[in-house]
Amino acid sequence: MPEGDTVWQTAHRLHTALAGRTLTRADLRVPRYATADLTGRTVLDVTPRGKHLLARIEGGLTLHSHLRMDGAWRVYVTGQRPHGGPDHQIRAILGNADHTAYGYRLPVLELIRTADESGAVGHLGPDLLGPGWGAEEAEEATRRLLADPARSLGEALLDQRNMAGIGNVYKSELAFLAGVTPWVPVGDLAPDVPPRLVATAHRLLDANKGRPDRRTTTTRRPGTPLHVYGRAGHSCLRCGARIRKAELGDRVTYWCPGCQRGPESETEQHLPTN
């Protein structure tokens with residue numbers, strides 16, 4: 001599932017290609033909206049909200065999409081043959097005289113009134129990449145993260161109602177940087193850890209939203225952009241211990257038994273490498 005920085009980049013590409021331009025082509029390949037005609041309307045902006053994409057269109061309409069595991073938006077020069085997948089996987093097409101955007105394998109695609117956007121994204125916590133992020137948003141995210149003291153850190157970080165934008169990669173990396181395992185109950189964290197986690201999450205997502213490749217490490221060794229995610233069986237960059245891999249809920253998580261303190265999973269996957 002894409003992380004918040006990836007969704008931000010997608011929104012930026014769509015906004016650059018579509019915003020301020022009149023739609024000359026609009027095709028929503030979802031039965032409910034098959035007859036919707038958006039041609040002739042201007043795209044006002046494309047805004048990310050956590051992992052959601054909101055394309056606001058003239059006339060008080062918003063095209064809401066979510067990529068989940070396999071979805072993607074691809075932008076091409078108008079007239080260029082798209083190659084983001086088979087044509088039958090295209091769920092939406094938005095085009096103008098210069099560029100055309102194709103939405104592939106979109107599991108969530110709905111046309112709603114802009115005034116009703118809260119029904120689609122109102123449940124989300126503070127947006128780590130939102131333009132209004134500040135001390136108040138950080139405090140609210142920390143409060144939500146600690147709302148259920150018995151919940152594991154990994155589950156709490158993934159819950160978009162606590163703060164929006166963290167996915168499986170950042171979940172593992174943030175737990176590593178905090179020095180605790182993803183299974184530790186949030187109520188057991190030292191008082192300084194939750195606000196530090198929130199601040200680190202914002203810093204990393206904000207730094208990576210403008211990069212082609214995500215990085216959480218400061219080392220420049222080739223092939224080491226991340227501390228633990230995707231590195232099962234490899235040596236920890238800090239202590240040299242073997243990175244481990246296990247399930248947390250329905251997700252895979254990674255951790256270093258040498259650097260991270262706390263309970264560990266009973267479902268470790270014994271794989272030599274990832």
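**View 1. Helix α1 against the sheet in the predicted model.** In this predicted model, helix α1, formed by residues 4–18, lies across strands β5, β6 and β7 and runs at about 35 degrees to β5. The strands beneath this legend's helix belong to an open sheet of 4 strands, whose order is β1-β6-β7-β5 and whose pairing is antiparallel. The edge strands of that sheet are β1 (25–28) and β5 (72–77), each of which pairs on one side only, and the twist from one strand to the next averages 20 degrees.

**View 2. The hairpin of β6 and β7.** Strands β6 (residues 90–95) and β7 (residues 99–104) run antiparallel and are joined by 5 bridges, and together they form a hairpin with 3 residues between them. Within this pairing, I93 has Y102 of β7 as its bridge partner, while G95 stands opposite T100 in β7.

**View 3. Strand β6 and its pairing with β1.** Strand β6 is also joined to β1, by 4 bridges, and the two run antiparallel; one of the residues involved is A26, whose bridge partner in β6 is L94. Is β6 largely enclosed or not by the rest of the structure? Because 5 of its 6 residues are buried, β6 is largely enclosed by the rest of the structure. In a regular strand, side chains alternate between the two faces of the sheet.

**View 4. The surroundings of C236.** Residue C236 is placed in the loop between α6 and β9 (244–248). With a relative accessible area of 6%, C236 falls under the 20% cut-off and is therefore buried. Leaving aside residues up to four places away in sequence, C236 touches F176, R231, A241, I243, C256 and C259. For C236 and C259, which are 23 residues apart along the chain, the separation of the C-alpha atoms is 8.5 Å.

**View 5. The largest pocket and its lining.** The largest pocket has a volume of about 260 Å³, and of the 15 residues that line this pocket, T216, T217, T218, T219 and H227 are the closest to its centre. Helix α6, which spans residues 193–208, gives the most to the lining, with 3 residues. Sorted by class, the lining of the largest pocket comprises 4 nonpolar, 5 polar and 6 charged residues.

Key:
Residues numbered from 1 in each chain as written. Predicted model: local features only at pLDDT ≥ 70, side-chain atom pairs only at ≥ 80, totals over all residues. Heavy atoms only, no water. 1 Å grid on protein atoms, 1.4 Å probe; cavity = no way out; pocket = protein on both sides within 12 Å on 5 of 7 lines; lining within 4 Å. Points joined across faces, edges and corners; volume = space filled by probe spheres on them. Nonpolar A, V, L, I, M, F, W, Y, C, P; charged D, E, K, R; others polar. Buried < 20%, exposed > 50% of the residue type's maximum accessible area, 1.4 Å probe, protein only. Contact = heavy atoms within 4.5 Å. Pairing = 2+ DSSP bridges. Axes fitted to C-alpha atoms, helices over the stretch in contact; angles between N-to-C directions.
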